[in-house]
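Please look over the sequence and the structure shown here before reading the briefing, which deals with nonpolar cores and salt bridges.

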Amino acid sequence: MSALVVIVYPAEAKAEEVRQRLFALQKEYLINIGDAVIATKTEAGNVKLNQVMNTTVAGAVSGSFWGLLIGVIFLNPVIGAAIGAASGALGGALTDVGINDAFMKDLSASLQPGNAALFVLAHGMTADKVLDAIKGFGGVVLKTSLDETKEQILRDALSQAAAAA
């Protein structure tokens with residue numbers, strides 16, 4: 001079962017630090033991350049999403065490979081690679097993998113400028129070990145799909161770290 005957790009931090013650097021810690025936990029097989037995005041609100045009020053995977057670039061690379069291959073078959077590899085890269089980039093830009101971008105932007109609109117929200121979609125985790133690893137970073141829970149008991153445990157652990165700081 002997947003769980004969505006959104007935690008607000010006072011700075012993007014702190015949110016990035018937590019995200020990197022979660023990736024390290026994934027290498028230890030303690031969490032299976034489906035998506036991890038950091039949303040920040042600029043002074044102008046715009047919301048910027050810092051995603052792990054750029055689907056536009058991935059699409060362009062994949063498209064250029066297939067375009068080159070098809071171009072070699074039809075004796076025009078340069079045009080094939082160019083058309084493949086363009087169509088791949090377009091397809092990648094239109095693809096939304098993981099957490100819905102519109103949902104993240106709507107939820108992040110309530111952030112104070114300079115704050116950052118870490119959106120994590122986890123497909124499975126060893127909750128007690130993951131909580132122990134991230135509770136020292138503090139933060140405020142903005143939204144979760146956890147049941148009330150687990151959500152309260154998360155809120156308590158993060159608020160204790162904030163109080164200690």
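Which side chain meets that of Lys135 in a salt bridge? The partner is Asp132, with an N to O distance of 3.5 Å; a salt bridge here is a side-chain nitrogen of Lys or Arg within 4 Å of a carboxyl oxygen of Asp or Glu. This is a predicted model, in which local features need pLDDT of at least 70 and side-chain atom pairs count only at pLDDT 80 or more, while totals for chains, interfaces and linings use all residues. Residues are numbered from 1 along each chain as its sequence is written, and side-chain values use heavy atoms, with hydrogens and water left out.

**Nonpolar cores**

- The largest nonpolar core (buried Ala, Val, Leu, Ile, Met, Phe, Trp, Tyr and Cys residues joined through side-chain atoms within 4.5 Å) has 28 residues, and those with the most contacts inside it are Tyr9, Val18, Leu22, Leu25, Ile31, Leu118 and Leu154.
- At least two residues of this core come from each of strand S1 (3–9), helix H1 (12–27), strand S2 (31–41), strand S4 (116–125), helix H5 (127–134) and helix H6 (148–164), where helices (H or I, at least four residues) and strands (E, at least two) are DSSP runs numbered from the N terminus.
- H1 supplies the largest share of this core, namely five residues.
- When neighbours within four places in sequence are left aside, Val18 is in contact (heavy atoms within 4.5 Å) with Tyr9, Leu118, Ile134 and Phe137.
- A second core, separate from the largest one, has 14 residues, including Ala39, Val47, Ile99 and Leu107.

**Salt bridges and exposure**

- Searching the whole structure finds four salt bridges, and one of them joins Glu12 to Lys48, with the closest N and O atoms 3.9 Å apart.
- Because Glu12 lies in helix H1 and Lys48 in strand S3 (residues 47–50), this pair ties together parts that are 36 residues apart in sequence.
- Glu12 is partly exposed at 26% relative accessible area, and Lys48 is also partly exposed, at 43%; buried means under 20% relative accessible area, exposed over 50%, and partly exposed in between (1.4 Å probe, protein chains only).
- Lys135, the partner of Asp132, is partly exposed, with a relative accessible area of 34%.
- Another salt bridge is formed by the side chains of Glu151 and Arg155, at 2.7 Å from N to O; these residues are four apart in helix H6, so about one helical turn separates them.
- Within this pair, Glu151 counts as buried at 18% relative accessibility, whereas Arg155 is partly exposed at 29%.
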